[in-house]
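These are my notebook entries on a structure I went through by element and by residue. I kept them terse and wrote down what I looked up in the order I looked.

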Amino acid sequence: MTLSTQEFAMAENHSRPTPRFNPGLLAAAIGAVWLTGCSLTPSPLTQQERQSQIGLDQSQLFKQQEPLTAPLTLYQAMSRALKYNLDHRVKMMERAVAEGQATLARFDLLPEVVASAGYRSRDNFNASASRSISTGRQSLETSTSQDRSRYLGDLSLRWNILDFGVSYFRAQQEGNKALVTAESRRKVSHNLMKDVRSAYWRALSAQRMTAKIQPVLAEARRALELASQAEAEKLRAPLEALRYRKSLLEIVRRLEGLLEQQQLAKAELTGLINLPPNQDYQLADVAAGAWPGIATPQLSQEQLDELALQLRPELRQEMYQTRIGSAEVKKAMLRLLPGVEVQLGGNYDSNSYLLNQSWGEIGTQISKNLFELLSAPQAIATAETQESLANSRRLAAHMAILTQVRLARQQLALSENQLKLTSELDDINQQIHHHVLNSELTEAMSSLERIRTSVDSVLSELQRHQSYADSQDALGKLYVSLGFDPLPATMADDSVDTLARAIEAIDQDWVQGRFPSQATDDPTPETANAGQGEHS
């Protein structure tokens with residue numbers, strides 16, 4: 001006798017062993033789930049873990065940096081800051097993450113293509129019988145049309161038009177957020193260059209003045225020792241000796257305070273360029289005692305305002321935020337529409353009772369959560385408020401930029417005037433010091449008077465150096481207020497020296513009055529990633 005396909009399948013299923021329920025297996029599964037849940041409870045870091053992480057971080061702080069083997073110039077300090085400063089690296093990585101998010105958002109525009117495969121098995125047949133509605137009698141004997149074990153698979157393409165529209169505006173928002181992070185990186189680089197400029201000139205002033213302060217300080221300390229000895233031997237009247245020691249102590253305290261204050265600038269510069277705190281290095285004093293001139297931008301106030309409004313990263317950020325707010329309003333309005341989904345797919349089922357074990361299907365569906373209509377007006381109003389907030393912040397940034405430009409220009413003018421006055425005063429003090437020390441009065445002067453004369457000379461020169469450093473700081477603030485980019489558009493390589501030469505060329509253009517006429521459309525020049533490949 002020949003069996004049909006269905007009869008053969010039924011006979012095969014009857015011959016298979018019937019799976020039985022296993023309570024032990026269920027208990028083991030429940031125990032595994034419970035243990036997994038307990039493992040999710042966070043535990044505090046142990047001392048060993050903290051120490052291990054700290055050691056690892058310290059080994060990474062100064063890894064793969066070009067060694068500093070020569071006296072450091074201003075532009076090499078700026079180059080090292082752009083390449084190795086950790087805050088700048090963080091902004092560069094934030095920009096890379098934002099660009100990755102923008103790229104991922106574009107994939108949401110694609111339709112869903114879902115592939116699935118599976119296996120299903122029962123311990124008995126999926127059988128059923130039919131009963132007559134009118135008579136209540138069973139009309140057919142119990143039968144089945146499904147194998148106890150079967151394989152399933154399908155490949156379907158689904159595309160929701162409403163989701164596509166929402167994803168379109170979300171992708172625009174993510175792209176604008178990436179541009180916001182790029183402007184944030186520009187802002188950090190601008191402030192970094194300003195801080196390096198200020199710290200470098202103050203550190204160079206300390207380096208120059210240390211050689212002049214230390215001899216005067218040593219002489220004051222020797223005089224203080226002699227005064228203490230004379231007081232102990234009662235060679236002077238007690239009151240006179242005390243006043244003499246008091247004057248010497250005030251001089252020593254003042255000189256040591258000035259020396260320490262100046263040396264703090266070098267520690268600040270070391271942190272900005274990410275050098276080890278204990279590394280000793282010298283600054284390049286190429287001017288041989290003279291100071292480079294400070295060039296004030298010879299532009300009208302209207303031209304400076306226009307440059308700042310075109311170049312400042314803060315205003316660009318607010319413009320991008322306005323775009324993001326506008327897209328949010330469109331998303332809220334789009335969600336009022338019903339979702340239209342189109343589906344196309346192919347299916348497979350190994351059930352031997354089926355006439356067609358593989359088939360294709362196509363369909364469409366319209367759906368809408370009606371409760372969303374209740375919240376839609378509030379969602380649209382909130383989005384419009386966010387857009388208005390972005391507009392207000394943009395206008396506030398506009399006004400703040402104009403104010404900052406004027407304040408920076410006035411501060412630079414004041415600092416230049418102070419530099420001129422302190423320079424004249426220092427020249428007079430140096431001439432007085434020269435005449436006093438070389439006159440016949442030198443021998444007749446007491447040691448205290450000689451020390452005071454030397455201290456006055458050192459202080460006036462120090463004030464001149466501080467005024468020059470303040471002028472450089474004011475110049476850096478003006479550059480920041482105008483949004484000048486210290487980075488070139490292209491470079492041959494990303495070495496410290498190459499980047500330093502490029503920064504120097506741009507800075508010399510500014511010194512000579514050649515400023516950018518308008519903002520570049522690309523806020524992220526190639527050198528914005530200088531050093532990123534080495535440390536990413």
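Before looking at side-chain pairs I fixed what I would accept: a polar contact is a pair of N or O atoms within 3.5 Å, one able to donate a hydrogen and the other to accept it, and for residues adjacent in sequence both atoms must be side-chain atoms. I also note at the outset that the model is predicted.

Entry 1, a lysine in helix 6.
With that cut-off in hand I looked up Lys 194 and found a polar contact of 3.0 Å between its side chain and that of Asp 195. I placed Lys 194 in helix 6, which runs over residues 161-232. Is Lys 194 buried or exposed? I read a relative accessible area of 16% for Lys 194, and because buried means under 20%, I entered Lys 194 as buried. Leaving out residues up to four places away in sequence, I found that Lys 194 touches Asp 473, Gly 476, Lys 477 and Val 480.

Entry 2, the whole protein.
I then stepped back and counted 14 helices and 6 strands in the protein. Of its 536 residues, 38% are buried. Taking contacts between residues at least 6 apart in sequence, I noted that 84% join residues at least 24 apart.

Entry 3, helix 4 and its partners.
Two packed helices are described by the angle between their axes and the distance between the axes, and I looked up both values for each pair.
For helix 4 (residues 74-84) and helix 13 (residues 496-511), the axes come within 8 Å and cross at roughly 120 degrees. Helix 4 and helix 13 are therefore oblique to each other, and I recorded their crossing as right-handed. On the helix 4 side I listed residues including Tyr 75, Met 78, Arg 80 and Leu 82, which belong to the set that meets helix 13 residues, among them Val 496, Leu 499, Ile 503 and Asp 507. By class, I noted 8 nonpolar, 3 polar and 5 charged residues in the contact of helix 4 with helix 13.
For helix 4 and helix 5 (residues 86-107), I read axes that come within 6 Å and cross at roughly 45 degrees, which makes helix 4 oblique to helix 5. Here Ala 81, Leu 82, Lys 83 and Tyr 84 of helix 4 make the contact with Leu 86, His 88 and Arg 89 of helix 5. The classes in the contact of helix 4 with helix 5 are 4 nonpolar, 1 polar and 2 charged residues.

Entry 4, helix 9 and helix 10.
How do I describe the angle between helix 9 and helix 10, and what is it? I found helix 9 (residues 313-334) packed against helix 10 (residues 372-437) at about 170 degrees, with the axes 8 Å apart. That value makes helix 9 roughly antiparallel to helix 10. In their contact I noted 11 nonpolar, 7 polar and 6 charged residues.

Entry 5, positive phi values.
Most residues other than glycine have a negative phi, so I looked up the cases that depart from this.
Gln 64 has a positive phi near 60 degrees, and I placed Gln 64 in the loop between helix 3 (47-61) and helix 4. Its relative accessible area is 48%, and Gln 64 is entered as partly exposed.
Asn 274, which is not a glycine either, has a positive phi of about 60 degrees and lies in the loop between helix 7 (238-272) and helix 8 (301-311). At 8% relative accessibility, I entered Asn 274 as buried.

Conventions. Residues numbered from 1 in each chain as written. Predicted model: local features only at pLDDT ≥ 70, side-chain atom pairs only at ≥ 80, totals over all residues. Heavy atoms only, no water. Helix = DSSP H or I, 4+ residues; strand = E, 2+ residues; numbered from the N terminus. Buried < 20%, exposed > 50% of the residue type's maximum accessible area, 1.4 Å probe, protein only. Contact = heavy atoms within 4.5 Å. Axes fitted to C-alpha atoms, helices over the stretch in contact; angles between N-to-C directions. Parallel < 35°, antiparallel > 145°, perpendicular 65-115°, else oblique. Left-handed = near helix turned anticlockwise from the far one by under 90°. Nonpolar A, V, L, I, M, F, W, Y, C, P; charged D, E, K, R; others polar.
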